[in-house]
Every structure is written in C-alpha cells, then in structure tokens.
Amino acid sequence: MIDLHTHSRESDGTDTPRQVLEAAAAAGLTAVALTDHDTTAGWADAAAAVARTGVALVRGVEISTRAATPAGGISVHLLAYLHDPEHPALLDELGRTRGDRMDRARRMTALLAQDFPLTWDDVVAQTHDGATVGRPHLADALVAAGVVASRDEAFATMLHPGAPYYVPHYAPDTADAVRAVLAAGGVPVMAHPRAGARGRVVTEATIEELAAAGLAGLEVDHRDHGDADRDRLRELAAELDLLVTGSSDYHGTGKLNRIGEHTTDADVLAEIERRGRLEVLRP
Ligand code: AMP
Ligand code: FE
Ligand code: FE
Ligand code: ZN
C-alpha cells in the first residue's frame with residue numbers, strides 16, 4: 001500500500017510531517033510521499049519518523065506551475081519525487097513562488113478586509129511558521145473569524161478564482177519546471193490532470209508536449225477524477241509511455257481526502273526510485 005501525494009502543515013495540510021507518517025502507519029501503508037506545495041521543509045521531520053512508524057518515505061514536492069496554452073495560462077500541479085533539494089534552478093523557482101504566494105496572500109487579505117472582519121495577523125495565526133501560504137490559510141482565518149463555516153464554503157465563495165478577492169501568484173512554466181525537476185535528478189508526475197472542479201484543465205495536446213519535455217507520469221487514481229477521466233488518462237499514459245500513479249492528496253483535517261484512499265503499484269514506485277537521484281528512506 002503506497003500513497004504518493006500528501007501534505008503537512010509545511011504547506012496547507014494540518015498534520016506535522018511526522019504525523020503524516022503516523023497517519024500512514026495507522027492506515028496500513030508501507031510507503032508514503034510527502035509532497036507539500038512548493039517546499040521541502042518537511043522532509044527532515046518526516047525522515048525522523050521512518051524508523052518509529054515503519055513507513056518508508058518518498059521525499060517529494062508539489063510544484064505550482066502554469067502551462068501556456070492557446071486558451072491562456074492554466075494552473076498545473078507538478079509532483080516531483082526524489083530530486084536533489086539543493087539544485088539551484090529548482091530551489092530558486094520554489095523560493096520565488098513561495099515569496100510571491102506571501103505577497104498574494106497579503107493582497108487577497110487586504111481585499112477581503114474591505115468586506116469582512118479579517119486581518120493579516122488572523123492569517124498568520126493560521127499558518128505554521130515558514131509554511132507555503134495559500135488560500136487554505138485564508139479559509140481557516142475566515143472560519144476562525146466566523147465568516148464561513150468551513151474551508152469548503154470559503155473556496156466555493158470568496159476564495160473562488162471567479163471571486164473579486166482572488167489574486168493569482170507567480171508560477172513557473174510547466175515545461176520549464178519538468179526540465180528543472182529532471183536536471184535536479186527528480187521524477188516529474190502531473191498531479192490530478194483532470195481535476196476540473198478546481199478550474200480549467202490542460203488538453204491532451206499539452207500533456208503530449210509535457211511528455212516530450214520529459215514528464216514521467218500521470219496521477220490517474222485521485223478523488224477529483226471520475227471513472228471516464230481515469231480510463232482516458234490510463235489510455236493516454238499507455239500511448240505516451242508514462243507511469244500511472246494513484247494517491248490520496250491527504251491534507252489532514254483540511255480536506256475530506258483520507259490517507260491511502262488511492263494507491264500506487266509497487267513496481268511503479270520501484271521505477272520512480274530507479275530514475276530518481278535520492279533513495280526511498282526505508283525503516
Ligand atoms: P492556492 O494554491 O493557494 O491557490 O490554493 C489551492 C489549494 O487549496 C489546493 O492545493 C488545494 O489543496 C486547496 N483546496 C482547493 N479547494 C479546496 C476545498 N474546497 N477545501 C479545502 N482545500 C481546498
Ligand atoms: Fe493543497
Ligand atoms: Fe494539487
Ligand atoms: Zn496536493
């Protein structure tokens with residue numbers, strides 16, 4: 001039982017990294033990837049829990065990127081596994097994204113503050129020190145202020161991309177990010193390629209271009225995909241010679257996703273490890 005996509009409080013999850021491994025152990029998983037948004041800050045804490053929990057750790061990250069398409073820029077989440085976290089090009093891009101996410105959160109907070117009782121301190125209070133800040137932290141602050149009842153309600157209303165409070169943030173081009181991950185010795189896998197409820201998704205032509213740039217796999221089994229999406233993504237992966245993964249996208253109590261609700265085959269993880277610069281950390 002292998003789950004290759006989870007978040008801790010180093011981004012928008014609610015568990016500490018070690019608690020993610022504890023949750024993985026409780027769910028009977030043998031291996032889990034920690035893939036916080038745009039940061040590897042949780043790797044050390046997670047690694048320290050491998051021996052105690054008996055769960056193998058795949059060190060990863062979920063990179064916020066934007067694909068340039070004829071229809072305009074489309075947000076793409078790119079999972080990267082087992083790369084050198086010190087590689088300068090990737091390190092610079094992730095730092096730039098985190099920095100602009102901070103500015104963007106401040107700007108969204110200022111817009112929200114015009115209509116709701118919300119301050120920047122309220123947002124900071126919901127964000128672990130040094131974490132990649134995102135809309136989920138704004139949602140938590142709005143819940144704490146009594147403006148909405150849940151993260152879900154905040155995303156459906158004031159945090160939606162169509163809302164007047166929405167501000168985009170910097171993100172590297174997706175194909176450039178694929179190349180940076182490869183240069184850092186990592187294995188790039190597109191997260192939830194057909195998660196249409198979050199916004200527009202890329203076409204198959206874009207996925208073909210990314211495969212040509214070196215994309216290694218597609219996350220097929222994910223709760224944001226219907227059966228038809230999964231069937232088509234599996235076909236596409238076979239056509240383009242891409243690996244197929246399945247994962248939970250666990251965020252602790254921040255989302256309904258249960259750890260281990262979707263899993264990846266052991267031979268796929270073995271291939272990811274064969275291609276990656278780092279090893280899977282085993283108990
Ligand atoms: P951001 O990257 O700051 O624009 O925020 C997007 C993040 O919000 C994604 O990584 C999701 O994990 C999270 N998210 C999106 N929709 C929801 C929702 N309805 N409830 C909780 N979290 C969500
Ligand atoms: Fe998230
Ligand atoms: Fe994602
Ligand atoms: Zn995720």
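**Exercise 1. Find which residues bind the zinc ion (ligand 4) in this predicted model, and give their spacing along the chain.**

Start with the spacing: the donors follow H-x1-H-x54-E-x186-D along the chain. Next, put names to the letters. The protein donors are H5 (NE2), H7 (NE2), E62 (OE) and D249 (OD). They lie 2.0 to 2.3 Å from the zinc ion.

**Exercise 2. Work out which parts of the chain E62 and D249 tie together.**

First place E62: it lies in strand β3 (residues 56-69). Then place D249: it lies in the loop between β7 (243-246) and α11 (266-275). The pair therefore ties together parts that are 187 residues apart in sequence.

Are these two residues buried or exposed? Buried means under 20% relative accessible area. E62 has 1% relative accessibility, so E62 counts as buried. D249 is also at 1%, so D249 is buried.

**Exercise 3. Classify the geometry of the zinc site and locate the iron ion (ligand 2).**

Take the angles among the four donor atoms: they run from 78 to 170 degrees. A tetrahedral site needs all angles between 85 and 135 degrees. The site of the zinc ion (ligand 4) is irregular. Now turn to the other metal. The iron ion (ligand 2) is 4.5 Å from the zinc ion.

**Exercise 4. Describe how helix α4 packs against helix α6.**

Begin with the axes. Those of α4 (residues 88-113) and α6 (residues 135-144) come within 10 Å and cross at roughly 35 degrees. The crossing is right-handed. Then list the contacts: R104, A105, M108, T109 and L112 of α4 meet R135, L138 and L142 of α6. Finally, sort these residues: five are nonpolar, one is polar and two are charged.

Definitions and conventions. Residues numbered from 1 in each chain as written. Chains lettered and ligands numbered in written order. Predicted model: local features only at pLDDT ≥ 70, side-chain atom pairs only at ≥ 80, totals over all residues. Heavy atoms only, no water. Donors = N, O, S within 2.8 Å, 3.2 Å for Na, K, Ca; no water. Tetrahedral: all angles 85-135°; square planar, octahedral: opposite > 155°, others 65-115°. Helix = DSSP H or I, 4+ residues; strand = E, 2+ residues; numbered from the N terminus. Buried < 20%, exposed > 50% of the residue type's maximum accessible area, 1.4 Å probe, protein only. Axes fitted to C-alpha atoms, helices over the stretch in contact; angles between N-to-C directions. Left-handed = near helix turned anticlockwise from the far one by under 90°. Contact = heavy atoms within 4.5 Å. Nonpolar A, V, L, I, M, F, W, Y, C, P; charged D, E, K, R; others polar.
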